[in-house]
Structure formats: C-alpha cells, structure tokens
Amino acid sequence: MFEKSTWIRLPRNVVVGHGVRSAVVDVVDDLHLQGRPLFVTSPTPREVAADPIAADFEAAGIEPKIVTVEKATFDAVERVIEVAEAEGAAYLVGIGGGKAIDIAKMASYHLEMGFLSVPTAASHDGIVSNRGSVPDGDSRHSVAAEPPLAVVADTATLADAPWELTTAGCADIISNYTAVMDWRLAKRLKDVEYSEYAAALSEMTAEILVDNAELIRPGLEESAWVVTKALMSSGVAMSIAGSSRPASGAEHLFSHQLDRLAPGAALHGHQVGVGSVMTAYLHGGDRGIWRDIRNALSSIDAPTTAAELGIDDETVVEALTTCHEIRDRYTILGDGMNERAARDVAKKTGVID
Ligand SMILES: NC(=O)C1=CN([C@@H]2O[C@H](COP(=O)(O)OP(=O)(O)OC[C@H]3O[C@@H](n4cnc5c(N)ncnc54)[C@H](OP(=O)(O)O)[C@@H]3O)[C@@H](O)[C@H]2O)C=CC1
Ligand SMILES: O=C(CO)COP(=O)(O)O
Ligand SMILES: [Zn+2]
C-alpha cells in the first residue's frame with residue numbers, strides 16, 4: 001500500500017524589486033492579517049528599513065511595536081516571545097539580516113503565529129526557508145522553524161548593504177553544489193530521505209548564479225536581484241526537502257565548527273564557500289569541480305583561503321578533523337578525517353599554505 005505523504009510550507013507572497021519596501025503594508029493587507037504587528041529587527045536594519053516601514057504602517061492606521069535585538073541568542077528569542085505576548089501581537093515581521101529574521105522565525109514558530117521576512121542583506125539562504133539558526137550550547141546548525149507567510153526583498157536596500165554580505169550570500173548558494181553531492185552520497189550509502197526535485201532545484205540555483213557571475217558587482221542593483229532570487233530558490237529547495245539537506249553538507253559542518261572555534265571571525269557564507277572548495281576536492285579529487293568552485297568564488301570577491309577568512313591554518317585543520325561530530329548528517333567526511341588527510345586537502349586546494 002502507498003502510504004507516503006508530504007507537507008511543503010512555502011511563502012504565499014514573494015515580492016522582490018526596487019523600492020518594494022513600501023509594499024510591506026500592502027502585503028499584510030493581501031494576506032488578510034489583522035491586529036498589531038511586532039517588528040523584530042537589529043540596530044542597522046532598524047535605521048535603514050524598520051523605521052521607514054513602521055511609518056508606512058502608521059500612515060495606514062496600524063501601530064507596530066518594534067523590538068531591536070543585538071545578538072542571535074535564545075534569550076533574544078525569549079524576549080521577542082514575551083513582548084509579543086505582552087503586547088498582544090497578531091503577527092511578526094523580521095526585518096534585517098539573518099539574526100533578526102531567524103529570531104522572528106523561531107519566536108513565531110513557538111507562538112504559532114505568522115511572520116513576514118523582510119531581508120536587508122542578501123547574506124544567506126535562510127531568508128525564505130523554514131529553518132532557523134540560533135546558537136544553542138555547542139550547536140550551530142539550523143532547526144525547524146516557521147516559514148515566512150511572505151518575503152519582501154527590496155533590491156535598493158540590499159544593494160546598499162555592505163558588499164561582503166552579498167558575496168556571502170553568493171557563496172552560500174555556490175556551496176549548494178557540494179551539499180547536493182553529499183546528499184546523493186548519503187542517499188546511496190545510508191538510504192537517507194532524498195528528494196530529486198529539491199536536489200535538482202538546489203543545483204540549478206547554484207548553476208544559474210555561476211552563469212550570471214558577471215552581473216554580480218558592487219554597487220549594481222541587478223546583483224542584489226540575481227542573488228536574492230537564488231537565495232529564494234535555495235530556501236524553497238529546503239522547504240521542499242523539509243530539511244536543510246539540499247543546501248547544507250560537509251561544507252556547512254566545517255563552517256559550523258569554525259563558528260565554535262573562531263566565533264565571529266568570518267561570515268557564514270564565506271566559511272561555507274571555503275569549505276565547499278575542500279569538500280569538492282574530497283568528492284572528485286584533482287579532476288573534480290573544486291577549481292570551478294574556487295574560481296566562481298574568486299570571481300565574485302568571496303574568500304577562497306583561510307587567510308582571506310581571517311582564520312589561521314591550524315583552526316582550519318582542526319575544524320576539518322572534528323566537524324563530522326557536529327550533527328547526525330552523513331557526508332563525504334564519513335566518520336571523520338585524520339589530521340594528515342585534512343592538512344593535505346587544505347594544502348592541495350590552496351586553502352592553507
Ligand atoms: N536560517 C538559516 O537557514 C540560516 C541562518 N543563518 C544565521 O544568520 C546569521 C548570519 O546572517 P547575517 O545576515 O550575516 O547576520 P546579521 O543579521 O548579524 O547581519 C550581519 C551584519 O550586517 C548588518 N546589516 C544587515 N543589513 C544591513 C544593511 N542593509 N546595511 C548595513 N548593514 C546591515 C548587521 O547590522 P546589525 O549589527 O546592526 O544588526 C550586522 O552587523 C547567523 O546568525 C546565522 O546563524 C545563517 C545561514 C542560514
Ligand atoms: O545555512 C544553511 C543552508 O545554507 C542551513 O544549514 P544548516 O542546517 O547546516 O544550518
Ligand atoms: Zn548556509
């Protein structure tokens with residue numbers, strides 16, 4: 001008997017483009033959301049987007065409450081939940097980079113309340129996904145969270161954000177190549193749950209981004225457009241899969257371990273990009289696609305070496321040899337690399353000297 005079932009939760013409205021920030025209030029209306037919103041933001045995004053959006057709401061007769069978070073922590077999620085309850089908020093709006101959006105996403109999951117994602121940085125593919133990532137003890141990887149009811153991505157705001165945030169978003173997408181290789185390997189060796197649609201979408205997203213790499217330049221609003229569409233597509237692949245598998249393999253394990261060993265040293269996307277160069281080598285050896293990945297990263301100004309990440313060589317080796325323990329996710333790292341093998345791959349790919 002056929003007993004399979006699936007439940008894919010995707011945003012109902014996706015609005016991307018120049019100046020669409022002013023459409024948030026219309027999106028709320030289109031979704032028939034009633035009552036008082038709670039905006040979750042962080043300091044810079046508050047200035048560049050949350051305050052102007054609040055003014056639009058006020059002009060429409062809606063008085064939003066705003067909470068500003070400084071760090072992605074569970075305390076911050078708790079505080080947002082408390083304020084939402086105390087103020088009788090009807091829905092949340094996450095306005096900012098990954099920090100603000102993840103906190104809003106996780107608080108709304110707990111509150112069983114809808115939320116809207118309004119990214120101010122094209123820095124990673126969590127802007128549309130059903131995954132939230134807030135450090136919890138030693139753990140750094142994402143967990144299930146509320147997917148947004150809508151995403152409103154203003155390319156004018158995204159293009160004005162620091163360039164390295166955009167290159168981090170690009171590198172997060174380029175790393176989909178190795179994430180999918182790991183997922184297919186795990187399917188073959190461990191028969192893990194696998195979706196060919198999600199894998200193909202994730203791969204195609206990386207391919208389209210690489211094919212359009214010449215459009216990704218600082219100060220070009222079109223870059224924000226190309227990258228944001230790719231981030232959306234990658235987030236949708238995760239929602240179809242019901243896990244971060246299509247966009248997170250061993251290169252993400254490596255990055256999560258760097259977050260523990262060298263907190264705050266580099267951006268998520270930049271770390272996964274460098275991880276992807278090395279795990280591509282592990283998959284395909286010298287004739288594999290590791291050079292293509294490295295060249296794609298270089299072409300959009302993303303780091304390809306430990307030095308460019310601002311992380312020392314020994315930390316890279318330590319992360320490579322220990323990151324398989326981070327979570328129960330089978331990848332090319334298997335049950336772990338020894339130090340000699342880790343040093344070898346990092347040297348052969350030019351990540352360390
Ligand atoms: N859910 C998921 O699947 C994923 C989640 N993540 C999580 O996302 C976070 C990383 O995302 P990231 O966006 O880099 O982090 P942040 O939200 O911390 O943003 C990075 C920096 O950019 C600033 N910023 C944001 N928007 C603008 C803007 N328009 N102009 C100027 N500065 C701006 C922020 O300012 P300020 O300091 O004032 O806030 C901050 O200093 C991590 O917490 C990570 O764990 C990462 C990958 C996937
Ligand atoms: O960053 C992600 C996808 O790009 C989410 O992956 P993780 O589940 O490994 O945190
Ligand atoms: Zn990522």
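Me: Which residues is Leu92 in contact with, leaving aside its neighbours within four places in sequence?
Reply: Happy to help! This is a predicted model, where local features need pLDDT of at least 70, side-chain atom pairs count only at pLDDT 80 or more, and totals for chains, interfaces and linings use all residues. Residues are numbered from 1 along each chain as its sequence is written, while chains are lettered from A and ligands numbered from 1 in the order in which they are written. Two residues are in contact if their C-beta atoms, placed from the backbone, lie within 7 Å. On that basis, the partners of Leu92 are Pro37, Leu38, Val40, Ala84, Ala104, Ala107, Ser108, Met113 and Phe115.

Me: Is Met113 buried, exposed or partly exposed?
Reply: A residue is buried if 20 or more other C-beta atoms, placed from the backbone, lie within 10 Å of its own, exposed if 12 or fewer, and partly exposed in between. Met113 has 18 C-beta neighbours inside 10 Å, so it counts as partly exposed.

Me: Where does the largest nonpolar core lie?
Reply: Such a core is a set of buried Ala, Val, Leu, Ile, Met, Phe, Trp, Tyr and Cys residues joined through C-beta atoms within 7 Å. The largest one has 113 residues, and Leu92 is among those with the most contacts inside it. Domain bounds come from an automatic or database domain assignment. Both domains give residues to this core, so it lies between domain 1 (13-160) and domain 2 (163-349).
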